[in-house]
Amino acid sequence: MSTTIAETLDMKGFACPLPITKAALAMHRIAPGELLEVFATDPGSVPDFDAWCSATGNELVDRSEDEGVFRFVIRKR
Amino acid sequence: MEMAATAEAVREAQETPRHAPHKKLVIMAWSGDLDKIWPTLILGTTGAAMGMETTIFFTFWGLFPLVRDDVRITGDNWMQKLLSTMDRPGLEHVKLGKMNFAGAGPAMMRKLAKEHHVASPEELVALAKDLGVKLVPCQMTMDLLGLHADDLIDGLEPPAGATTALVEAQDAITLFV
């Protein structure tokens, strides 16, 4: 299992549905088991990334917040 | 034996991920209003992002937003042509369902969307194509309105009918917008 980030996506400032849809496109570029890091400021992205991971089977490895910027780390299924 | 079968069914139900029942999303895009076509594209792109096989059928007024923005008048006869002058086709020209105010409403809505970094309908159409959303124009509406393949934007599926739409919809979440 990889612990280094394969790709980082900066979705700061962008509203629904871009953080999720762009993350889905990024998933096509990385291999199963690799990690995608997403930065977003849309508060709706917090429940949306939970729901998206449960629907797709990708694993939300880490979520944190720093001054309104959410960071999601997702392992590709 | 029966108990074992029930236990098996319960275990299977518990292990089945939440997403399992619906792996398909079908949206019938009937309205050509900006405030309907926009959420249609948001849901369509999100469905595809969730791994759902997503198809959007564009029918009746829903087809006008798929007309290329540089095409001014569509149709083969005077009635079809008149319709397209009363309701200008093209995504750039779609109106709001309410508070249109001769185009001021949509202009404000688009300005607000830009300020809040909400993807425009044009960006969402491009994103939908990137995500593999199938955009299907309704053949009957094309005939009714006198629209031809070269009036429409690129990257669409071949035109199809109600049967195709309903066959796709059989095992899908279906929305009529």
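**Sheet, helices and chain contact in a predicted two-chain model**

In this predicted model, Glu37(A) stands opposite Val73(A), a residue of strand 4 of chain A. The two strands that pair here in the antiparallel sense are strand 2 (residues 35-40) and strand 4 (residues 69-75) of chain A, and their pairing extends over six bridges. They belong to an open sheet of four strands in chain A, which has the order 1-2-4-3 and mixed pairing. The edge positions of this sheet are taken by strand 1 (5-11) and strand 3 (59-66) of chain A, each of which pairs on one side only. On average, and with direction ignored, neighbouring strands of the sheet are turned by 15° against each other. Helix 1 (residues 18-29) of chain A packs on the sheet, where it touches strand 1 and strand 2 of chain A, and its direction makes about 155° with that of strand 1.

The loop between strand 1 and helix 1 of chain A contains Pro17(A), and a cis peptide bond, with omega of about 5°, joins this proline to Cys16(A). For the 12 residues of helix 1 of chain A, a rise of 1.5 Å a residue leads to an expected span of 16 Å, which agrees with the 17 Å between its end C-alpha atoms. The buried residues of helix 1 of chain A are Leu18(A), Pro19(A), Ile20(A), Thr21(A), Lys22(A), Ala23(A), Ala24(A) and Met27(A). Within chain A, these buried residues pack against strand 1, strand 2 and helix 2, and in chain B they pack against helix 2 (34-49) and helix 5 (121-130).

Chain B has seven helices and four strands, and from the N terminus on its elements run α-β-α-β-α-α-α-β-α-α-β. Of the 177 residues in chain B, 33% are buried. Among the contacts in chain B with a separation of 6 or more, 71% are accounted for by residues 24 or more positions apart.

In helix 2 of chain B, 12 of the 16 residues are buried, so this helix is largely enclosed by the rest of the structure. The buried residues include Leu34(B), Ile37(B), Trp38(B), Leu41(B) and Ile42(B), as well as Gly44(B), Gly47(B) and Ala48(B). They pack against helix 1 of chain A and, within chain B, against strand 1 (24-29), strand 2 (53-58), helix 4 (104-115) and helix 5. The expected span of helix 2 of chain B, at 1.5 Å a residue, is 22 Å, and its end C-alpha atoms are 22 Å apart, which agrees. Helix 2 of chain B is followed by Gly51(B), whose phi is positive, near 85°.

Where the two chains meet, 15 residues of chain A are in contact with 16 residues of chain B. Helix 1 and helix 2 (45-56) of chain A each supply at least two residues of the side of chain A that touches chain B, and the largest share of that side, five residues, comes from helix 1 of chain A. The residues of this side divide into 10 nonpolar, five polar and no charged. Helix 1 of chain A and helix 2 of chain B pack at an angle of about 35°, with their axes 9 Å apart, and their crossing is left-handed. In this contact, Ile20(A), Thr21(A) and Ala24(A) of helix 1 of chain A meet Thr45(B), Thr46(B) and Ala49(B) of helix 2 of chain B; the residues divide into three nonpolar, three polar and no charged.

Strand 2 of chain B contains Thr54(B), which counts as buried because it has 26 C-beta neighbours inside 10 Å. Although Thr54(B) and Leu25(B) are 29 residues apart along the chain, their C-alpha atoms are separated by 4.7 Å. When residues up to four places away in sequence are not counted, Thr54(B) touches Leu25(B), Gly44(B), Gly47(B), Ala48(B), Val133(B) and Lys134(B).

Two loop residues of chain B also have positive phi. Ala102(B), in the loop between helix 3 (78-86) and helix 4 of chain B, has a positive phi of about 55° although it is not a glycine, and with 8 other C-beta atoms within 10 Å it is exposed. His117(B), found in the loop between helix 4 and helix 5 of chain B, likewise has a positive phi of about 55° without being a glycine; with 14 other C-beta atoms within 10 Å, His117(B) is partly exposed.

Notes:
Residues numbered from 1 in each chain as written. Chains lettered and ligands numbered in written order. Predicted model: local features only at pLDDT ≥ 70, side-chain atom pairs only at ≥ 80, totals over all residues. Pairing = 2+ DSSP bridges. Axes fitted to C-alpha atoms, helices over the stretch in contact; angles between N-to-C directions. Contact = placed C-beta atoms within 7 Å. Buried ≥ 20, exposed ≤ 12 C-beta atoms within 10 Å, placed from the backbone. Nonpolar A, V, L, I, M, F, W, Y, C, P; charged D, E, K, R; others polar. Expected span 1.5 Å × (residues − 1). Left-handed = near helix turned anticlockwise from the far one by under 90°.
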